[in-house]
Structures are given as C-alpha cells and as structure tokens.
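Here's a quick tour of one chain, helix by helix, with a stop at some backbone angles along the way. Have the viewer open while you read.

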Amino acid sequence: MLNSIYFQLFLLVLLYFSIFFVIAVLKKDNSIVDIGWGLGYVYTANMALYLTNNYNLRSFIITFLVTIWGLRLSYHIFKRNLGKGEDFRYAKWREEWDNFYLKSFLRVFMLQGVLLFIISTPIIKIISAPYHSLKIIDFIGLFVWGIGFAFEAAGDKQLKDFKSRPASEKDGHVMKEGVWKYTRHPNYFGDAAVWWGYYIIALAVSGGWKFIFSPIIMTYLLRFVSGVPLLEKRYADDEEYQEYAEKTNIFFPWFPKK
C-alpha cells in the first residue's frame, strides 16, 4: 500500500509539471516553472494527505508547514517576476537549444518534477506513517524549520525593501543589512534549514532516518548548483560586493569579520 502511494504521487507530480509545461508553451515563458516549484510541494503534501487518508496531528502539522512555506515562496517569485518577461537563464536556453520544446519538457519540467518528488519523500513518509504521540524530536524539527523560514522570509522581504528604496537612502548598491549582515545568502540558507527541519521531524516516525538524502540534495543544490554559485558569479567583478564578501559568510550565518 505504502509503495503504491509513492508511485501514485510520482505520477501526479509528473502530471503537475506537464500542466505547467503546457502553460509555459502558451505563454512562451519557461520561468513559470519557478513558481510551480514551491506550489509543487504544497500539491504533493496535500495529495499525500488525501490519498493516505491518514489524518493525525503530525500529518496535519507537516502539511501545514509545507503549505505555508511553499505558498510564500511561490508568491514571492510570482511578485518578483511579474511583468519582467522570461528569466535570463531560460531565455538563453531558448536561443541555444535545438528541439527547444522537447528539451524544455525533459530537462526543465520533468527534471524538476523528479527532483521535487525525491526531495518530498520524507514529507510523504511522515504523512503516511502510523501516528504516535509527538516527541521531543518533533519540536526540535519545528524549531529548526522556524529558524529557516524566518531567515528565508526575512531575507526576501529585506532585499525587496532595499531594492525599492531610492539610491540616496542606500549605503551602496549591495544589500548588507538585516540578516544579510550575517550571511550573503540568507534566503538559500533558510531554505536549506527548512528541509533539515522536515527531516528532523521525519526522525520521529519509524524508518524516517533513511530519508536523509532529501535535505542533503536540497542543501547541495542551493549551495553548489542553482542558488549560491549563480549569484556569486554574477557579482564576481563587483568591487562593492567583493568587499562585502570578505566580511560576510557565504552561506551559514555568523558575525561579520572586522
């Protein structure tokens, strides 16, 4: 039964991203997949709860956490991208790729679908597991999740506010205030911490420890693939950013160097 739940959810996730692919083709904008990323976790968690019919306190808690995290992330990306056209990464691939639509379907939408399903497996495990009363490890996971969510949400909000201020009110063009004072990428650190929080909660259910690959994959992607490296490369020749980088940790928050 449990294995069939994983298989059903895998097919549903691929269907979900196929629908986003159709919308992207109609809009001629593959950036929509970034909005679908956060919503995809909301969809997967809620579908897991519906399919398992395993309504209990831990299942409700993890579904609620995933839902508010995913909705906030997707809304933030939607607002950020509104009216700006296709993201430069996808626009570049549109120019470079032969068989663009086939490659987009497989290398953008289906790839993200497979990744999202793999990363979601501890969430599915928690929701599917027989219920036992909450344990200390659940509250530790909630605490770690809370730290991550706070860093991610605060980082995005502070950066948005900074960009909207006139140049005369800024100390340079690089964000160095708030949580950005302690890490150059508070939103990515926060995102990773959120997934370690989910995993810690998974430790409260039998066999949950096996899903440690989920936060490892998410942290690796954010730190070494699609998150931090792209922004660091963009500001490699920016003198003000390099001065900021000398004082501020790249990922894990810490007090700035003097």
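## A bent helix and its surroundings

Helix α2 bends by about 35 degrees at Gly38. Keep in mind that this is a predicted model.

How far apart are the end C-alpha atoms of α2? They sit 30 Å from each other, which agrees with the 30 Å that its 21 residues (32-52) should span at 1.5 Å a residue. As for its surroundings, 15 of the 21 residues of α2 are buried, so the helix is largely enclosed by the rest of the structure.

One residue to look at alongside this is Ser120, which belongs to helix α5 (residues 100-128). Is Ser120 buried or exposed? Its relative accessible area is 1%, and buried means under 20%, so Ser120 counts as buried. If you skip the neighbours within four places in sequence, Ser120 is in contact with Tyr41 and Thr44.

## Positive phi values

Now for the backbone. Most residues other than glycine have a negative phi, so the residues in this table are worth a click.

| Residue | Phi | Place |
|---|---|---|
| Lys28 | positive, about 55 degrees | loop between α1 and α2 |
| Asn53 | positive, about 55 degrees | just after α2 |
| Asn99 | positive, about 50 degrees | loop between α4 (88-96) and α5 |

What about solvent? Lys28 has a relative accessibility of 58%, and the cut-off for exposed is over 50%, so Lys28 counts as exposed. Asn99 is likewise exposed, with a relative accessibility of 58%.

## Out on the surface

Which residues make the nonpolar surface patch of about 250 Å²? Leu15, Ile19 and Ile23 do. Ile19 lies in helix α1, which covers residues 2-27. With a relative accessible area of 46%, Ile19 falls between the 20% and 50% cut-offs, so it is classed as partly exposed.

Another partly exposed residue is Tyr220, at 48% relative accessibility. You'll find Tyr220 in helix α8, residues 213-225. Which C-alpha separation goes with Tyr220 and Ala192? The two residues are 28 apart along the chain, and their C-alpha atoms are separated by 8.8 Å.

## Pulling it together

So, for a session in the viewer: begin with α2 and its bend of about 35 degrees at Gly38, then go to Ser120 in α5 and its contacts with Tyr41 and Thr44. After that, swing round to the nonpolar patch that includes Ile19, and finish at Tyr220 in α8.

Note on methods: Residues numbered from 1 in each chain as written. Predicted model: local features only at pLDDT ≥ 70, side-chain atom pairs only at ≥ 80, totals over all residues. Heavy atoms only, no water. Patch = residues over 30% accessible without salt bridge, like charges linked within 9 Å, V, L, I, M, F, W, Y side chains within 5 Å. Areas by Shrake-Rupley, 256 points an atom, 1.4 Å probe, with all protein chains shown as cover. Salt bridge = Lys/Arg side-chain N within 4 Å of Asp/Glu carboxyl O. Helix = DSSP H or I, 4+ residues; strand = E, 2+ residues; numbered from the N terminus. Buried < 20%, exposed > 50% of the residue type's maximum accessible area, 1.4 Å probe, protein only. Expected span 1.5 Å × (residues − 1). Bend = angle between axes of the 7 residues up to and from the residue. Contact = heavy atoms within 4.5 Å.
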